[in-house]
Structures are given as C-alpha cells and as structure tokens.
Amino acid sequence: MKLENPYPPEFAAAYREAGYWTGQTFPDLLATAVAEHGERTAVVGTDRQKVRQSWTYADLGQRARRVAGGLHALGVRPGDRVVVWLPNAPEYLAVIWGLFTLGALPVFALPAHRESEVRYFVEHAEAVGIVTVTRHDRYDHAETARRISPLVVDVDEGLPDGDPVPVATPDADDVAFLQLSGGTTGLPKLIPRTHDDYLYSVRASADICGLTPDTVFLAALPCAHNFTMSSPGLLGVMHAGGKVVTAPSPDPDTCLRLIGSEGVTMAAVVPPLAAAWVAAAEKQEPDLPSLQVLQVGGAKCGSELAARIGPALGARLQQVFGMAEGLVNYTRLDDPDDVVIHTQGRPISPADEVRVVDEHDREVPAGEVGALLTRGPYTIRGYYRAAEHNATAFTDDGFYRTGDLVRLDEGGNVVVTGRVKEQINRGGEKVAAEEVENHLMAHPSVLDAAIVGVPDEYLGERTHAYVIPRDPEESPAPADLRRFVRERGVAAFKVPDRVEVVDAFPVTGVGKTSRRALRAALADQHREKG
Ligand code: J2J
C-alpha cells in the first residue's frame with residue numbers, strides 16, 4: 001500500500017540523499033538482527049500460558065516465519081490489514097513479526113480498546129481479521145472480535161503456525177502499518193507509517209539513547225503504544241540487538257521486581273506510572289543496580305516528579321515528547337540536569353522542522369509560547385482516509401499541526417506548556433472530547449454534552465462531562481450516563497471521570513458558540529468552583 005499523501009519528491013530525495021531513508025524495510029530489520037545477533041536473547045517474558053519464555057533472535061526469526069505461514073494458510077495475504085489487539089507478552093513480537101514477514105499490515109489497537117473502537121478500526125482499515133486473546137483484564141476479547149470480523153486469531157489457542165511462505169519484499173516507501181492517533185475528533189484517526197520513515201526514527205532513536213546489545217528494555221506500557229514501539233522502544237532495542245522484557249502489567253510491584261530479576265537497563269513510562277514507581281521505590285528501597293535510564297513521556301512530566309526519579313530509582317531521567325504522527329523529542333543522556341528536569345528535549349533529526357506560531361500561523365518571537373507545527377523525515381503528511389480532516393490538520397506546505405503549545409529554550413529544547421487541540425491527556429491516555437460527547441449525546445435523555453479536562457494530582461488531568469438533559473424534570477443520573485458510555489463499548493479511560501448535569505452551558509460571549517469556546521468557558525467555570 002502506498003501513501004495517499006506522499007512526501008513531495010524533492011523532500012523524499014533530500015531525505016534519501018542525507019542518509020535518513022536507507023531503503024531498509026521491516027523484514028530487513030529482522031533479517032539483520034537474526035544474522036548479527038542470532039544467538040542473543042531477543043525477548044523474555046511470561047507467555048499467555050503463564051510460562052516464562054526466552055527467545056533468541058534466531059528463535060524469533062523462525063517463529064515469525066511460522067506465524068507468517070500460519071496466517072497465510074488462514075487466508076491473510078500481503079497488503080492485507082490485520083488488527084493486532086493483544087496485551088504485552090512474548091507472543092506480541094511473534095505476531096507483529098509474522099505479519100511483517102508475510103507483508104501484511106498491522107493496525108495497532110490498545111488492549112484497553114473495546115468493541116466500538118476495534119469495530120471502527122476493522123471497518124475503516126478494511127482489515128481482514130483480528131489477532132487477539134481469549135480474555136484479558138476481565139474482558140472477553142476473542143468473543144468481541146468474533147462479533148466484528150469473520151477471521152479471528154486467538155493466540156491463547158496457539159500462535160498461527162504453518163510452513164514458511166516467501167518473506168515479503170515491500171518497497172521501503174510502502175506503508176508498513178497503521179498506528180493509532182490520540183484523536184481530536186469524533187472518530188479516531190489512523191496513521192500510515194512507511195518502512196523508510198519509521199525505521200529512520202527507530203535507528204536514530206536507538207543512537208540517541210545509546211542502545212547496545214547489552215540493553216535490556218522493559219516494555220511496561222502497551223507494546224502498541226508508539227512510545228513503547230519506537231522511541232526507541234522494542235524496535236530500537238531489536239535494531240541494536242538488545243533484549244526486550246515484556247511486563248504483564250505496569251504496576252510498580254511487577255515492574256520493580258522484573259527490573260531486578262531481568263537486569264533491566266531502560267524502561268519507558270507515562271508520568272503517573274513514573275510517580276507510582278518512584279513512590280514504591282522510596283518506600284521499598286529496592287536494589288536496582290542495572291537500571292540506567294527511565295524514559296518518561298506521553299504527557300508532561302512535572303519538574304517535581306522529574307527531580308525525584310534519579311534519587312529514588314538510581315537511574316537517569318530522559319524526557320520524551322513524541323507523537324504517533326511523527327516528531328519525537330528527547331532530552332539527551334548527557335544534557336545538564338536543568339535541561340533534563342525542566343524541558344521535554346529536542347527533535348531526533350537535524351531535518352525535523354519545527355515552527356512555533358500564533359493563531360495566524362505567524363512565527364512568534366524566540367522563546368515565546370505558540371502552537372507547534374512540524375514537518376520532517378518521519379512525520380506524516382496526512383492521516384489514512386481522512387481527506388477532510390487532513391485539510392485542517394496540516395498546513396498547505398505540509399506541516400502537521402500538533403495541537404501542542406510550546407516554547408523553545410535557547411538550546412532548542414521544547415517546553416510543552418499546554419495545548420490547543422480538543423483532547424484531554426489523561427496521564428498519557430488521549431481522550432478526544434468530541435468522541436466522548438458523541439457517545440453521551442446518543443443517550444435518549446441527553447440534549448447536549450461537553451467534555452473538559454480538569455486538573456488531577458495523579459493523572460495530570462481527568463475528564464469532566466457537563467450534560468444538559470432533554471427534559472429538566474427527568475434528568476439522567478450521572479452514574480447511569482457513565483455506565484451508558486461504558487456499555488457502548490469504549491475503552492475505560494474514555495468513560496468520563498465525572499458527569500455533572502446542568503441546565504445550560506455558560507454563555508461564552510462569542511455569539512455563535514464554538515465547541516472550543518464552550519469547553520474553555522466550562523473549564524474556567526470548573527476552576528472558579530475550585
Ligand atoms: C507533554 N505532552 C506530551 C510530553 C506526548 C514517544 C513519547 C510519547 C508519544 C505519545 C509517542 C509528551 N510532554 N513529554 O508517540 O513516540 C502529548 C502531546 C502529543 C501527544 C501525542 C512517542 N509526550 N505528549 O504520547 O500519539 O500532546 O504519542 O502531541 O499518544 O501526547 O500522543 P501520542
């Protein structure tokens with residue numbers, strides 16, 4: 001599959017010329033890892049049968065070939081899209097490498113997604129099947145998947161297995177997979193990433209983070225998350241010939257124990273998890289001599305938390321400000337403490353173009369806050385099948401509107417100060433306001449709904465829904481509305497943390513009320529109430 005919104009030829013040529021795009025594909029990455037590191041351990045973790053697995057690169061390569069053969073026998077063909085809806089386990093790697101080996105395109109769903117989201121991914125991507133598990137997190141994944149797609153692979157019944165078929169030879173400018181966007185609109189967006197662009201970001205990230213064959217990376221967040229996958233994540237570690245440890249749960253007990261027992265050198269977490277690990281470590285004072293780097297990203301890491309990480313965990317903090325659409329910023333391992341604690345780092349690539357602009361897309365004076373626009377060798381030029389949305393999500397000259405408010409310091413480090421997009425960042429989990437409002441408005445007693453983010457000590461922010469009933473005499477109970485949203489089959493993190501039934505929304509003074517002005521006014525109102 002080719003990009004619908006390709007990089008303009010002069011940009012593609014320049015990225016190749018500069019050596020960013022090398023023509024490497026996913027099958028190439030695996031073949032190189034097997035050739036160079038065949039006997040080294042690629043992945044360690046508890047499999048779905050609760051048995052500890054440890055696979056070398058050679059093992060993983062063979063498994064990927066068998067999984068590809070098994071998927072082919074089930075009717076999956078090169079170019080087909082397949083939704084991967086799996087929790088963290090060694091099987092995750094076997095499945096995605098099986099898909100890449102076959103030339104099929106993974107569509108990455110989060111384990112927390114539910115029927116409405118997965119159904120949408122299958123329909124929108126015209127996926128031929130879903131790979132999932134029987135049950136996880138007290139939810140019947142496979143049963144749900146069977147309601148959605150005629151082809152369901154339940155890895156709890158065994159990985160797909162068949163005689164190897166030829167290894168795919170995609171073009172490096174083909175789309176390799178579809179990644180998920182945090183979303184700002186009623187429907188989530190899918191992000192088409194090519195072999196060339198994504199693997200450049202992976203290799204460059206591995207360099208910046210100093211990965212070697214001795215790196216032991218703990219995958220604590222879902223593997224599907226772009227952070228865990230690529231910044232430098234499990235792909236960066238595989239590029240370097242290191243070892244991936246899959247954590248069955250991100251909780252501090254599980255993870256601190258795994259860090260100790262598996263000799264983990266690096267882990268990647270969102271701020272609330274970092275806080276939980278730090279609190280546990282401050283109490284237990286565990287001995288974690290192997291841990292060198294804790295990466296924190298996905299949401300703003302406050303400087304207070306940032307300062308506690310080194311002392312509590314005996315590891316260097318690395319802030320990571322990234323997005324599945326592309327641009328990733330890192331504080332560098334040799335940056336002074338001040339930069340590491342107070343900034344979100346700087347871009348991966350010399351070819352990453354960043355602009356900080358006002359509401360008219362004019363660049364703001366150096367050091368001032370503005371909206372971040374970006375363009376570069378691994379930032380998309382358009383979402384998948386979303387022409388209308390793309391018209392506003394990108395500038396005419398191809399910059400992606402990140403929706404983040406930032407300022408740049410003198411060293412070019414980014415400080416994230418807020419956002420203009422209609423999204424709530426719930427401890428790294430992204431909630432599109434409009435998506436949840438639409439779910440609430442589907443309730444027969446709801447006339448209108450607006451979701452705002454309100455400050456939360458632990459999550460950074462949580463969601464607060466204001467709801468106007470159709471009939472003030474019969475206003476729905478908040479608990480019923482929350483249950484209603486949950487029962488529509490959405491990820492639990494999207495269910496409003498609080499629902500408040502009100503008579504009317506505040507008048508915003510803008511005449512015709514925009515949703516954005518409305519949300520801002522509601523957030524103000526919430527603050528005033530304290
Ligand atoms: C403030 N906001 C941040 C940070 C992301 C690496 C790391 C994270 C993601 C990710 C990723 C932030 N401080 N350190 O894909 O490769 C918010 C911004 C951003 C949005 C992107 C990666 N790190 N954010 O979080 O696609 O608002 O990617 O635009 O999930 O998260 O979300 P997502």
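Start by selecting β11, helix α11 (residues 271–284) and β12: together they make a right-handed β-α-β unit. Keep in mind as you look around that this is a predicted model.

Now hide the helix and keep the two strands. β11 covers residues 266–269, and β12 covers residues 293–297. They pair in the parallel sense, over four bridges. For a landmark, pick V269, which stands opposite V296 in β12.

Next, add strand β9, residues 216–219. This strand also pairs with β11 in the parallel sense, here over two bridges. Click on L218 and look across to A267 in β11, which stands opposite.

Stay on β11 and show its side chains. Which residues sit on each side of the strand? M266 and A268 are on one side, while A267 and V269 are on the other. All four are buried, so to speak of covered faces here is to speak of both.

Time to move to another part of the chain: select helix α5, residues 115–125. Colour E117, V118, F121 and V122, the buried residues of this helix. Then turn the view until you look down the axis of α5: the buried residues fall within an arc of 135 degrees, so they line one face of the helix.

What do those buried residues pack against? Bring up β3 (81–84), β4 (105–108), β5 (129–132) and α6 (141–148), and you have the partners.

For a last stop, step just past the end of α5 to E126. Check its backbone angles: phi is positive here, near 50 degrees.

Methods: Residues numbered from 1 in each chain as written. Predicted model: local features only at pLDDT ≥ 70, side-chain atom pairs only at ≥ 80, totals over all residues. Buried ≥ 20, exposed ≤ 12 C-beta atoms within 10 Å, placed from the backbone. Arc of directions from axis to C-beta. Contact = placed C-beta atoms within 7 Å. Pairing = 2+ DSSP bridges. Right-handed = clockwise from strand over helix to strand, strands pointing away.
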